[in-house]
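Dear colleague,

Please find the structure below, together with its sequence. My notes on the contents follow it.

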Protein chains: 2
Amino acid sequence: MNIMQPFTTQIDLHSGVFNPERQIIRRYLSDMQTTYADESAVQDILKQEGNRLVYEVHVTDLPEEEGQLLHCTTIIYPGRVGTEYHMTKGHYHSRRDRGEVYLGLAGEGYLVMQTETGETSTLSIQPGTAAYVPPYWAHRTVNTGVVPFVFFAAWAGEAGHDYGTIEQLGFAKLVVQHDGQVVVIDNAKYK
Amino acid sequence: MNIMQPFTTQIDLHSGVFNPERQIIRRYLSDMQTTYADESAVQDILKQEGNRLVYEVHVTDLPEEEGQLLHCTTIIYPGRVGTEYHMTKGHYHSRRDRGEVYLGLAGEGYLVMQTETGETSTLSIQPGTAAYVPPYWAHRTVNTGVVPFVFFAAWAGEAGHDYGTIEQLGFAKLVVQHDGQVVVIDNAKYK
């Protein structure tokens, strides 16, 4: 029995920034070259405007062990790649039977989910929206607004992250801008 | 493998109220007659002013099962019982090795914790404070302000609640008002 000391982290509820700073994971467009459906749009951006910070995750450095409750903020910067809105890579939990909960803090976006048995779900998140990802659902978040989309998340330490399955297969649904509107469409490349 | 549907709950980040309304647990002073150190102060209030709503918990009705991530808001109304500030009953998790995380939304207060091996910890929570209750720590929250103290919490579905141990033994530390200040003192009645 290893007894850890309790601690607090002060989160700026508007920007999502942690104080004191903990681990920060930054995802640039160059890290997501196969994530967006329009791969030529990715290459055009990288060539013409250079690299771009798409999102960052501020996360407490807790052990990824059973019984711990990991928590983070995610900050997705506004923008698009082709018609597709900025988003996270998305993942299943390595332990598929572990859920997750989000709480929207600033900006707005979508939570895109799917199961390995073919179900899909897309939910809107605003400030104050608690969104529940039940066990077995892969999850990705998308910034559909014009300011940073910021949310808090909590998940079990033993859940783990499986990014590989999504990198190989993609998500069944895409969130795109069409005629100035946010539209959820089928991903033609989904395997 | 039982696949649940994802869902959202809209939380008023100032009041903590859920929309749509889920389960609401209301704790009145009459439910907490042995919780406060000054039991005669409890009886005086019940006799002179009648019953009093101390706190309420708005909680999603998820199954208390392994892999689920339960979440709630807690709203502790301001006030004192004798010198002791309004607080929750407090509990250990039935599975002692399960942690919990809080996020302060409105008002201010303290998170009072202790382990069965004699350690204690008291942390301040303001809006934006993410407070981590590691595995093995009993936890209670206290409103030390003059407006409702509201926070979001998430914990594993299998954690369970053990209120009985705290009802029998109490907490080692009390949060009281002394000369207009918030002070943490030893609980003389702690067994």
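**Strand pairing and the chain interface**

B:Tyr55 stands opposite B:Ile76 in β5(B). Strands here are DSSP runs of E of at least two residues, numbered from the N terminus, and two strands pair if DSSP finds at least two bridges between them. β4(B) and β5(B) are antiparallel and share five bridges. On β4(B), which comprises residues 53-59, six bridges also lead to strand β3 (residues 23-28) of chain B, again in the antiparallel sense. Within that pairing, B:Arg26 faces B:Glu56 of β4(B).

Please note that this is a predicted model, in which local features need pLDDT of at least 70 and side-chain atom pairs count only at pLDDT 80 or more, while totals for chains, interfaces and linings use all residues. Residues are numbered from 1 along each chain as its sequence is written, and chains are lettered from A and ligands numbered from 1 in the order in which they are written.

As to the interface, 44 residues of chain B are in contact with 44 residues of chain A, contact being defined as C-beta atoms, placed from the backbone, within 7 Å. On the chain B side, at least two residues each come from β1 (7-11), β5 (69-76), β8 (100-106), β10 (120-125), β11 (129-133) and β13 (149-156). This side of chain B consists of 25 nonpolar, 14 polar and five charged residues; Ala, Val, Leu, Ile, Met, Phe, Trp, Tyr, Cys and Pro count as nonpolar, Asp, Glu, Lys and Arg as charged, and the others, Gly among them, as polar. Strand pairing also crosses between the chains: β11 (residues 129-133) of chain A runs antiparallel to β1(B), with four bridges. There, A:Thr129 has B:Gln10 as its bridge partner.

A turn of 180° with a shift of 0.0 Å along the axis lays chain B on chain A with an RMSD of 0.0 Å, the superposition being by least squares on the C-alpha atoms of residues with pLDDT of at least 70 in both copies. The two copies are thus related as by a two-fold rotation axis. Because 100% of the interface residues of chain B are also interface residues in chain A, the copies meet through the same surface.

Finally, in chain A, β14 (residues 173-178) and β15 (residues 181-186) pair in the antiparallel sense over six bridges, with A:Val175 partnered by A:Val184. Two residues lie between the strands of this hairpin, where A:Asp179 takes a positive phi near 50°. Of the six residues of β15(A), the number buried is zero, a residue being buried if 20 or more other C-beta atoms, placed from the backbone, lie within 10 Å of its own.

With kind regards

Notes. Contact = placed C-beta atoms within 7 Å. Buried ≥ 20, exposed ≤ 12 C-beta atoms within 10 Å, placed from the backbone.
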